[in-house]
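Let's take a walk through this model together. Keep the viewer open as we go from one contact to the next.

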Amino acid sequence: MSAILKFSIHERLIAEIPKQCPQWTDNPESICFLDAPPNGRFIRDQIILSLSKEIKTVSITIPSIRELFRGNLNPPEFTDYPEDYLPFFVAVETAVVREVRNHTLPPPTDDDFIEVYSAMRRRPDGRSIGLLHDIIWKQAMVFLLTHECSQAEYEACIQKLERGARKFHFNWSTRNYFDWLLKHLKE
């Protein structure tokens, strides 16, 4: 059976939205994830949604990535970046580039990426080890809220990102992986 990340709004999100917005019509296409809350304060485990027809901002706290895993599919061997999983890779890496461009985050080193990806693979719900970790954690959470993804698929994706960062690593201060992201990712 081929593993493909299917777009699907998580039942946790569908259950939470009507509590704050009873008029919501259950239309997943009306959900827009906002990059930052209106007050500009970044909170790791909180997502802000705008429901297009109502222009209603909904704030939902999701404390655990593990509770968002769905299914039990095993991913294929990741020798390259499989096309079926590109939405995950692009979502995570683009979020980092966006936050650096917005001056929220200094450009991370290769070591920073390796440390964060390793921590997220081994302990998805571990304590925060910094802003880079929080940004990647939050983007992974948003992705898991909108796509069916098993724990094995998540771990394989994070491990592929970690291997990518290791490939570019030269010493403790290099930013080769981030430079590659800047060159290849367009916002």
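**Rings, core and charges**

At a relative accessibility of 1%, phenylalanine 89 counts as buried. Keep in mind that we're looking at a predicted model. The other ring to pick out here is phenylalanine 78, which is buried too, with a relative accessible area of 5%.

So how many aromatic pairs does the structure hold? The count is 12. Phenylalanine 78 and phenylalanine 89 make one such pair: the ring centres are 6.1 Å apart and the planes sit at 75 degrees, so this one is edge-to-face, the label for angles over 60. The two partners come from distant parts of the chain, with phenylalanine 78 in the loop between S4 and H2, phenylalanine 89 in helix H2, and their positions 11 residues apart. Zoom out a little and you'll find a cluster linked by ring pairs, made of Phe69, Phe78, Tyr81, Tyr85, Phe88, Phe89, Phe143 and Tyr154. Tyrosine 81 has a charged visitor as well: the charged end of lysine 160 sits over the ring, 4.8 Å from its centre.

Now for the nonpolar side. In soluble globular proteins, nonpolar side chains tend to be buried together. Here the largest nonpolar core has 52 residues, and Phe88, Phe113 and Tyr154 are the ones that touch the most other members. At least two residues of this core come from each of helix H1 (11–20), strand S3 (46–51), strand S4 (56–61), H2, H3, helix H4 (131–146), H5 and H6. Which of them gives the most? That's H4, with 10 residues.

Next, take a look at helix H6, residues 176–184. Its buried residues are Tyr177, Phe178 and Leu181. They span an arc of only 100 degrees around the axis, which means they lie on the same side of H6. What do the buried residues of H6 pack against? The answer is three helices: H2 (86–101), H3 (110–122) and H5 (151–168).

Just a short hop away in the tour is threonine 109, in the loop between H2 and H3. Threonine 109 counts as buried because its relative accessibility is 10%, and the cut-off is under 20%. Skip the neighbours within four places in sequence, and threonine 109 is in contact with Trp172, Ser173, Thr174 and Arg175.

Finally, the charges. There are six salt bridges in the structure, and arginine 12 is a good place to start. This arginine 12 is partly exposed, at 23% relative accessible area. One of its partners is glutamate 16, at 3.9 Å from N to O. Arginine 12 and glutamate 16 are about one helical turn apart, because they're four residues apart in helix H1. Arginine 12 also forms a salt bridge with glutamate 67, where the closest N and O atoms are 1.9 Å apart. That second pair links distant parts of the chain, helix H1 and the loop between S4 and H2, 55 residues apart. Glutamate 67 is partly exposed, at 37%.

A further salt bridge joins the side chains of glutamate 162 and arginine 121, at 3.0 Å from N to O. It ties helix H5, home of glutamate 162, to helix H3, home of arginine 121, across 41 residues. Is each end buried or partly exposed? Glutamate 162 counts as buried at 5% relative accessibility, whereas arginine 121 is partly exposed at 23%. As for shared partners, salt bridges join Arg12, Glu16, Lys19 and Glu67 into one network.

Key. Residues numbered from 1 in each chain as written. Predicted model: local features only at pLDDT ≥ 70, side-chain atom pairs only at ≥ 80, totals over all residues. Heavy atoms only, no water. Buried < 20%, exposed > 50% of the residue type's maximum accessible area, 1.4 Å probe, protein only. Arc of directions from axis to C-beta. Contact = heavy atoms within 4.5 Å. Core = buried A, V, L, I, M, F, W, Y, C linked by side-chain atoms within 4.5 Å. Salt bridge = Lys/Arg side-chain N within 4 Å of Asp/Glu carboxyl O. Phe/Tyr/Trp six-rings, centres within 6.5 Å; stacked < 30°, edge-to-face > 60°. Lys NZ or Arg CZ within 6 Å of the ring centre and 35° of its normal.
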